[in-house]
Amino acid sequence: MYNSRISGLGFYVPENVVTNDDLSKVMDTNDEWIQERTGIKERRHVVKGTDTTTSMGVKAAKKAIERAGIDKDEIDFIVFATLSPDYYFPGPGVLVQRDLGIKTVGALDVRNQCSGFVYGISVADQYIKSGMYKNVLVIGSELHSHGLDMTTRGRAVSVIFGDGAGAAVLTREEDTSKGILSSHLHSEGQHAEELSLIAPGMGKRWVNDIIEDNDPEDTSYFPHMNGQFVFKNAVVRFSEVIMEGLQKNNLGPQDIDMLIPHQANLRISQFIQKKFGLKDDQVFNNIMKYGNTTAASIPIALTEAWEAGKIKEGDLVVLAAFGSGFTWGSVIIRW
């Protein structure tokens, strides 16, 4: 039995910065309103014709592989988490394999939205723990901006999301006191429609239905979120799954050196920080700069925290996420 450790990290965000003031020019909103409710000051949006979900993932992955000190052909498996794939099918995992020129390893796509990277890490960890693989590339990448309703009608959702990608290489670790100690995953599908994008989908409205109706008021292909309901559930599930992970390893909140929460809303992160009695230097937030990048938010934040020297060898690092599905999870890491 082995553990897995994160041996390399990387992230990429588009150069195009979109401020709250920029959004106020295309919808009825303002900087104060957005910051008060979300903590977001700006986000990155892909300029059409430049990046894709896959290309951003590839750029992040190249950095992670280089920092892991391995050759790309030492990657044994790819896990790609996203809600915004380049194509309806195939998924971006195989496109990364192609674009990186990696040998014909397996590629798995994870559709767990905000908790996608946590789920992806958990999958990679189990493959390594079993001895099946030695190095697994895990990517979270999102291109939200091309699919948002950038009008006053869609402002409650559209001001929140940004584009970007993060990646991690998980590597076999024989010292089982180090690396990923445990992962914890949950779902509650009865609330699936509270945070969702209904169309195009085979269940209710496919592309031909949308084209046939040609209804300019049809919002089924834009994201929908019951914000207050999501917030209330998030703060409860975040707390539960973090404690579940700590208790599994006979640890408590006082043992946390760095908490990397999914960057959904700064108010959620602040609530969790206060609940667990953590200082500002024990929680890393960057939603102010990037908005909510869904599956990319944790790897982007984790990479930035590591690059800034806020994560050191021996630190206890906790990753936690909650989002659409509802799905949520945590990963406990001894760095």
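So, aromatic pairs: searching the whole structure turns up 9 of them. Keep in mind that what we have here is a predicted model.

Let's start with F77 and Y133. How far apart are their ring centres, and what is the angle between the planes? The centres are 5.1 Å apart and the planes differ by 15 degrees, so with planes under 30 degrees apart counting as stacked, this pair is stacked. Now look at where the two residues come from. F77 is in strand β4, residues 77–81, while Y133 is in the loop between α5 (116–129) and β6 (135–142), so the pair ties together parts that sit 56 residues apart in sequence. And are these two buried or exposed? Both F77 and Y133 are buried.

Okay, next pair: Y221 and F222. Here the ring centres are 5.1 Å apart, but the planes are at 50 degrees, so this one is called tilted. The two residues also get separate labels for burial. Y221 has a relative accessible area of 28%, which makes it partly exposed. F222 comes in at 18%, and because buried means under 20%, F222 counts as buried.

Which residues do ring pairs link into a cluster? That would be F229, F322, F326 and W328. Have a look for them in the structure.

Last thing, charges over rings. What sits over the ring of Y2? It's the charged end of R172, 4.4 Å from the ring centre. Then there's K63, which lies over the face of F11, at 5.8 Å from the centre of that ring.

How values were computed: Residues numbered from 1 in each chain as written. Predicted model: local features only at pLDDT ≥ 70, side-chain atom pairs only at ≥ 80, totals over all residues. Heavy atoms only, no water. Phe/Tyr/Trp six-rings, centres within 6.5 Å; stacked < 30°, edge-to-face > 60°. Helix = DSSP H or I, 4+ residues; strand = E, 2+ residues; numbered from the N terminus. Buried < 20%, exposed > 50% of the residue type's maximum accessible area, 1.4 Å probe, protein only. Lys NZ or Arg CZ within 6 Å of the ring centre and 35° of its normal.
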